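Work through the exercises below with the sequence and the model in view. Try each task before reading its solution.

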Amino acid sequence: MASQGRFLDTARMSKHPPACTLASAALALLLSGCGSLYYAPKGAQTATLKLTNTSPHGTAGVAVYDNPRCEGGGKPVSYNAIGRGASIEVPVDAGKPLTFYFDGDRHTDIRLDAQGAVVKADVRRCQAPARFRPDVGGRYEAVFTDDGQRCRVEVFALAAGQRQPVPHESLQWGRCSG
C-alpha cells in the first residue's frame, strides 16, 4: 500500500522491536494534528525533499506547516516515523518558504497491561523546526541530528552527485516564525 514514498521499507522497520513500532505510531499520531498527511498542492510546482534521520537515539517524525508560525497543527509527511539511519523522499511545494520540523524520539518507555493496552508511555523528544525556500524542480536533503544535548536540521541541495549547504532558518520550537 506504499504511495509516493510515504512508507518506510519494511526491511528497515524490521530492525526495530515491536515497542519501537508502537512508539513510531504514537509519534505519528502526535504529529498528525487532524490525521491527514502533507501533500504538495495538486498542480503545484514541486521540489523533492529527502528527509534523513542520523540521530543515534531513535526514530523521528516530520511535519510540514502551512504557515510560518506553526499554527493550526502540522501535517506529517508519513504515517511511519523515520528510523535511525533511514530516509524518505517527498515532493514539496516549491517557490515559497517551506516550514517543517523533525520530532526525534530520544527515549521511549512504553508499558502495556495484560491485554496489550498502553498503561504508561514516557517519550522524551527533541524537536528541530526549520524553514527554507526550495526551488522548482530542485532536489534537497534535510538531515536531522541529535547529539543528546541539542538537535538540529541541516539542509543541502543535491545536484550532480554533490551536497551543497542551503541557507535555511533554524527555528526555536514554539516560535517557528524565528
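The exercises cover a sheet, one buried residue, a core and a loop residue.

This is a predicted model, in which local features need pLDDT of at least 70 and side-chain atom pairs count only at pLDDT 80 or more, while totals for chains, interfaces and linings use all residues. Residues are numbered from 1 along each chain as its sequence is written, and side-chain values use heavy atoms, with hydrogens and water left out.

**Exercise 1.** Find the order of the strands in the open sheet of 5 strands, and name those at the edges.

Solution. Strands are DSSP runs of E with at least two residues, numbered from the N terminus. Two strands pair if DSSP finds at least two bridges between them. The order is β4-β1-β7-β8-β9, and the pairing is mixed. β4 and β9 each have a single partner strand, so one side of each lacks a neighbour in the sheet. Next, take β7 and β8: they run antiparallel and are joined by 7 bridges. Within this pair, A142 has V155 in β8 as its bridge partner.

**Exercise 2.** Describe the surroundings of E141 in strand β7.

Solution. Start with the strand: β7 spans residues 139-146 and includes E141. Then take accessibility, where buried means under 20% relative accessible area, exposed over 50%, and partly exposed in between (1.4 Å probe, protein chains only). E141 has a value of 7%, so E141 is buried. Contact means heavy atoms within 4.5 Å. Leaving aside neighbours within four places in sequence, the contacts of E141 include L49, K50, E154 and R163. T52 is also among them, and its side chain makes a polar contact with the side chain of E141 at 2.6 Å. A polar contact is a pair of N or O atoms within 3.5 Å; within protein, one must be able to donate a hydrogen and the other to accept it, and residues adjacent in sequence count only if both atoms are side-chain atoms.

**Exercise 3.** Which residues touch the most other members of the largest nonpolar core?

Solution. A nonpolar core is a set of buried Ala, Val, Leu, Ile, Met, Phe, Trp, Tyr and Cys residues joined through side-chain atoms within 4.5 Å. Of its 29 residues, L49, L51, F100, F102 and V153 touch the most other members. The largest share, 4 residues, comes from β6.

**Exercise 4.** Is A160 buried or exposed?

Solution. A160 lies in the loop between β8 and β9. Its relative accessibility is 79%, so A160 counts as exposed. A160 also has a positive phi of about 50 degrees, although it is not a glycine. Most residues other than glycine have a negative phi.
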